[in-house]
Amino acid sequence: MSDAPADWGVLSELPGNPLMWVLILGELLVFGALFVGFAVVRLLHPEMVLAGQTSLSIPLGGANTLILVTSGYLAARAVLARSTSKVAESRWWLAGAAALGACFLVIKGVEYADKAAQGFGIETNGFWTLFYLMTGFHAAHVMMGIIVLGIVGWKNSVENLETGAAFWHMVDLIWLILFPLVYLLR
Amino acid sequence: MKYESQKVALYYIAGALALFVAQVLFGLIIGTIVVIPNTLSELLPFNIARMIHTNALIVWLLMGFFGAAYYLIPEEAETELYSPKLAIVQFWLFLIGAAAAVIGYLFHIHEGREFLEQPLWIKLAIVVVALMFLFNISMTVLKGRKTAITNVLLLGLWGIAIFFLFSLYNPSNLILDKMFWWWVVHLWVEGVWELVMASILAFLMIKLTGVDREVVEKWLYVIIGLALFSGILGTGHHYYWIGTPGYWQWIGSVFSTLEVAPFFAMVVFTFMMVWKGGRNHPNKAALLWSLGCSVFAFFGAGVWGFLHTLAPVNYITHGTQVTAAHGHLAFYGAYVMVNLAMFTYAMPNLLKREPYNQMLNMWGFWITSSGVTFMTFALTFAGVVQSHLQRVMGMGFMEVQEQLGLFYWMRLGAGVVTFVGVVLIVWSLAVPGSVKQAGRVAAQPAE
């Protein structure tokens with residue numbers, strides 16, 4: 001056999017566990033499909049989408065963008081610290097990343113409560129269905145990401161940290177596309 | 001075969017093959033009723049014969065999975081089965097339960113939920129059978145070696161039992177009834193059964209191609225990861241237009257589109273393993289079934305499923321013959337073929353038969369596959385015509401059915417071919433072959 005046990009083909013060259021990259025690719029496909037769906041809905045019903053977008057809060061969305069990007073930076077610092085064997089330091093960076101993730105969720109909660117108070121629910125119309133689905137799925141991933149950061153902080157190894165950070169950056173990346181697409185592009 | 005207790009698999013394979021023949025026979029009967037509606041109308045109404053056709057399929061596939069597990073698990077766990085006696089008792093209980101259900105159906109004793117028509121006491125007996133089985137194989141794995149294959153297989157088999165419990169919950173609200181009904185029907189075939197299928201294929205790849213276990217295990221993890229990732233929320237594609245909230249159309253469309261991925265991965269996996277593997281295993285027929293399985297599952301479950309899984313498309317095709325086309329090719333490709341791959345691999349070992357009817361078995365493969373493929377195309381065309389006439393032109397249901405007669409005749413013809421193939425397969429597995437024929441196969445040059 002020519003295959004060494006650790007050979008995952010192209011996935012071997014990526015940092016962290018190759019199975020995480022299979023998951024990340026799957027996630028990108030799911031969100032990618034939803035983004036395409038959003039574009040189609042916007043093409044078919046431009047007024048409905050515009051009306052929905054004007055009800056969204058750009059300051060809250062913008063604040064959340066800054067929070068997630070900063071959180072991603074802290075996760076990257078954690079990997080950097082761990083690669084020079086600074087375990088305790090890496091845990092502090094991870095805790096900071098997770099705390100910012102929690103801030104994101106709190107702001108998301110404020111935003112949802114505000115939209116609900118204005119009477120916008122998941123069944124209101126096509127725009128709101130997609131808004132709640134996409135941001136809701138994303139928020140669920142932020143929650144999962146916080147748990148993942150906790151697990152890799154506990155089982156602290158370079159590979160685990162790279163794996164956890166890869167997931168966290170994916171959550172980051174999706175928001176960086178979702179925010180302009182849903183909130184800004186009008 | 002290394003362990004004496006693997007022999008209990010023979011009961012299950014024999015039972016499964018007998019029910020396989022019955023299933024296809026009842027398929028021929030209902031295919032005939034569709035084109036000649038008064039056939040057996042007093043004796044065996046269409047709905048009863050259809051129940052036997054679908055129930056026999058499910059029962060024989062499950063029986064095959066049980067047999068596959070009893071064959072595979074001792075070999076993987078490197079230990080004798082925990083209790084061969086319990087396995088034999090379980091077999092007879094299962095077979096008698098299935099027979100009692102069928103006899104009950106003939107006397108019109110059944111419940112009303114499609115595929116879950118078994119009376120309550122039969123369902124409870126199935127739960128008992130499942131518990132006996134799970135206890136037996138779990139104890140075997142616990143005392144033996146744990147491999148990725150046994151872990152995934154156990155996860156799949158436990159999942160089958162757990163999701164079956166939802167068949168006992170039948171809310172009076174029709175929407176909730178359907179929602180939970182899919183928790184059995186969908187989460188079986190597009191969830192936990194895929195785990196069973198992937199682990200059996202992984203086992204066969206190790207045995208037939210000689211590729212390293214580590215390589216096979218990596219593929220197995222990727223495949224089952226993709227299957228669960230797409231399949232669980234893919235349940236949403238059954239929640240269109242049944243009274244559930246509209247967001248299921250998005251969830252169902254997106255995730256079930258990705259359900260193609262694990263099936264595509266299985267095709268790449270099996271062909272890569274054969275390509276990379278150095279072993280020239282004498283059981284060419286088992287390899288043919290394994291490769292055929294991944295390819296037919298990809299087309300039947302993956303491509304034919306995708307054809308009508310997007311909500312806007314399903315709006316037009318929902319409940320037409322397109323669904324029947326997908327159902328036939330998906331069940332054949334994924335679960336019939338994986339069972340036959342396992343039977344074809346295991347039977348010669350279990351019966352200690354070197355010279356077996358390998359050529360006949362391969363003829364069975366090609367004839368049955370041709371029959372089912374032709375049937376799938378006939379039903380697909382029927383479904384497209386039906387969708388157009390009924391849903392686009394707005395013609396009445398029965399008016400449209402009359403226009404589909406030709407396709408239904410072609411389906412019946414394909415069914416006859418399928419039946420011939422099935423008889424050849426069963427014959428090749430059950431009846432010893434001549435030494436001369438086995439020699440001829442072995443003498444074929446390696447690829």
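Colleague: Which residues touch the most other members of the largest nonpolar core?
Modeller: In this predicted model, the largest nonpolar core has 176 residues, and those touching the most other members are A:V182, B:F65, B:L157, B:W193 and B:M197. A nonpolar core here is a set of buried Ala, Val, Leu, Ile, Met, Phe, Trp, Tyr and Cys residues joined through side-chain atoms within 4.5 Å. Buried means under 20% relative accessible area, exposed means over 50%, and partly exposed lies in between, with a 1.4 Å probe and protein chains only.

Colleague: Before we go on, how are things numbered and filtered?
Modeller: Residues are numbered from 1 along each chain as its sequence is written, while chains are lettered from A and ligands numbered from 1 in the order in which they are written. As this is a predicted model, local features need pLDDT of at least 70 and side-chain atom pairs count only at pLDDT 80 or more, although totals for chains, interfaces and linings use all residues; side-chain values use heavy atoms, with hydrogens and water left out.

Colleague: Back to the largest nonpolar core, then: which residues does B:M197 contact?
Modeller: Leaving aside neighbours within four places in sequence, B:M197 is in contact (heavy atoms within 4.5 Å) with B:F263, B:M266, B:C293, B:A297, B:A334, B:Y335 and B:V338. There is also a second, separate core of 10 residues, which includes B:I30, B:I52, B:Y105 and B:I122.

Colleague: And on the outside, which residues make the nonpolar surface patch?
Modeller: A:L25, A:L28, A:L173 and A:I177 make a patch of about 320 Å², and the elements giving two or more residues to it are α1 (18–44) and α6 (158–184) of chain A. Patches are made of residues with over 30% relative accessible area and no salt bridge, with like charges joined within 9 Å and nonpolar side chains (Val, Leu, Ile, Met, Phe, Trp, Tyr) within 5 Å. Helices (H or I, at least four residues) and strands (E, at least two) are DSSP runs, numbered from the N terminus.

Colleague: Switching to B:T418, is that residue buried or exposed?
Modeller: B:T418, in helix α15 (residues 405–430) of chain B, counts as buried because its relative accessibility is 7%. A polar atom of its side chain lies 2.8 Å from the backbone oxygen of B:A414. Not counting residues up to four places away in sequence, B:T418 touches B:V24, B:T368, B:G371, B:V372 and B:M375.

Colleague: What about B:S230, and which backbone oxygen lies 2.8 Å from its side chain?
Modeller: For B:S230 it is the backbone oxygen of B:L226, 2.8 Å from a polar side-chain atom. B:S230 sits in helix α7 (residues 213–234) of chain B and counts as buried at 1% relative accessibility. Beyond its neighbours within four places in sequence, B:S230 contacts B:F255, B:L258, B:E259 and B:P262.

Colleague: Where is B:L40, and what is its phi?
Modeller: B:L40 is in the loop between α1 (9–35) and α2 (46–77) of chain B, and its phi is near 55°, a positive value in a residue other than glycine. At 36% relative accessibility, B:L40 counts as partly exposed.
Modeller: B:F115, in the loop between α3 (84–106) and α4 (120–143) of chain B, also has a positive phi, near 70°, and is partly exposed with a relative accessible area of 27%.

Colleague: Last one, which residues does B:H238 touch?
Modeller: Apart from residues up to four places away in sequence, B:H238 touches B:W182, B:H186 and B:E190. B:H238 is in the loop between α7 and α8 (247–257) of chain B and counts as buried at 14% relative accessibility.

Note on methods:
Areas by Shrake-Rupley, 256 points an atom, 1.4 Å probe, with all protein chains shown as cover. Salt bridge = Lys/Arg side-chain N within 4 Å of Asp/Glu carboxyl O. Polar contact = N/O pair within 3.5 Å; in protein donor to acceptor, adjacent residues only side chain to side chain.
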